[in-house]
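This report describes how two helices pack in one model and what surrounds a pocket beside them. Please keep the sequence and the 3D view open while reading.

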Amino acid sequence: AALLATSVAAFAPAQTGKASTALNAAAEYESYPGVLDPVGFFDPLGLADKADPALFKKYREAELTHGRVAMLATIGFLVGEKVEGSSFLFDASISGPAISHIPQVPAEFWVALIASIGAAEQFRAEKGWVNPSDTPVDAPGQLLDDYTPGDLGFDPLGLMAEDPEEFFEMQTKELQNGRLAMLAAAGFLAQEAVDGKGILEHFSS
């Protein structure tokens, strides 16, 4: 698991200053999943410089979660626009670019969606997060020590590799695809907001 990787920076001489802190962070996280040549450890905002291992662990959990949501959202954009007007989907009443679908869906859909999201978040919280009653008031939202970010034990297709090297490669692939999906979803939103056309409509025009 990525978060059990040995800290390279721990064996380096003590250094001071912002530049040396950045170098230490880069060295420590260089062996983590998601770090690829030629960019290496990419942290232009210096978030890792100020993060202890617990905070960095939460950063990785947030990145994985948002990446997974973005991958679903990207597919949802394309599929939703492709099947719009189909009789099996909301009685063929949904049309237009994906960002205009939200106010068109019936209220019953939102009830089911909110309930599903709540159940998923409850499961994730129980799986990886320390009970709020057991955390200090000034340090809320702590992850369990033995929890690996993103590992919810949900693998219905049995895709999780048992070999450590293959598992590391799968972690990196998921992170990279999630990062790309976050950029793609943001691009889809911006493009449709600008000209009011669906994403697939741009390819056919």
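Helices (H or I, at least four residues) and strands (E, at least two) are DSSP runs, numbered from the N terminus. The model is a predicted one, in which local features need pLDDT of at least 70 and side-chain atom pairs count only at pLDDT 80 or more, while totals for chains, interfaces and linings use all residues. Residues are numbered from 1 along each chain as its sequence is written, and side-chain values use heavy atoms, with hydrogens and water left out.

Helix 2 (residues 53–82) packs against helix 4 (residues 164–195) at an angle of about 50°, and their axes are 7 Å apart; axes here are lines fitted to C-alpha atoms, for helices over the stretch in contact, and angles run from 0 to 180 degrees between N-to-C directions. Helix 2 is therefore oblique to helix 4, a term for what remains once angles under 35 degrees (roughly parallel), over 145 (roughly antiparallel) and 65 to 115 (roughly perpendicular) are set aside.

Where contact means heavy atoms within 4.5 Å, the helix 2 side includes R60, E63 and M71, and the helix 4 side includes R179, M182 and F188. The table sorts the residues of this contact and of the second largest pocket's lining by class, with Ala, Val, Leu, Ile, Met, Phe, Trp, Tyr, Cys and Pro as nonpolar, Asp, Glu, Lys and Arg as charged, and the others, Gly among them, as polar.

| Group | Nonpolar | Polar | Charged |
|---|---|---|---|
| Contact of helix 2 with helix 4 | 12 residues | 5 residues | 7 residues |
| Lining of the second largest pocket | 13 residues | 3 residues | 4 residues |

Helix 2 gives the most to that lining, with 4 residues. Elsewhere, a cis peptide bond joins D37 and P38, with omega about 0°, and P38 lies in the loop between helix 1 (18–29) and helix 2.
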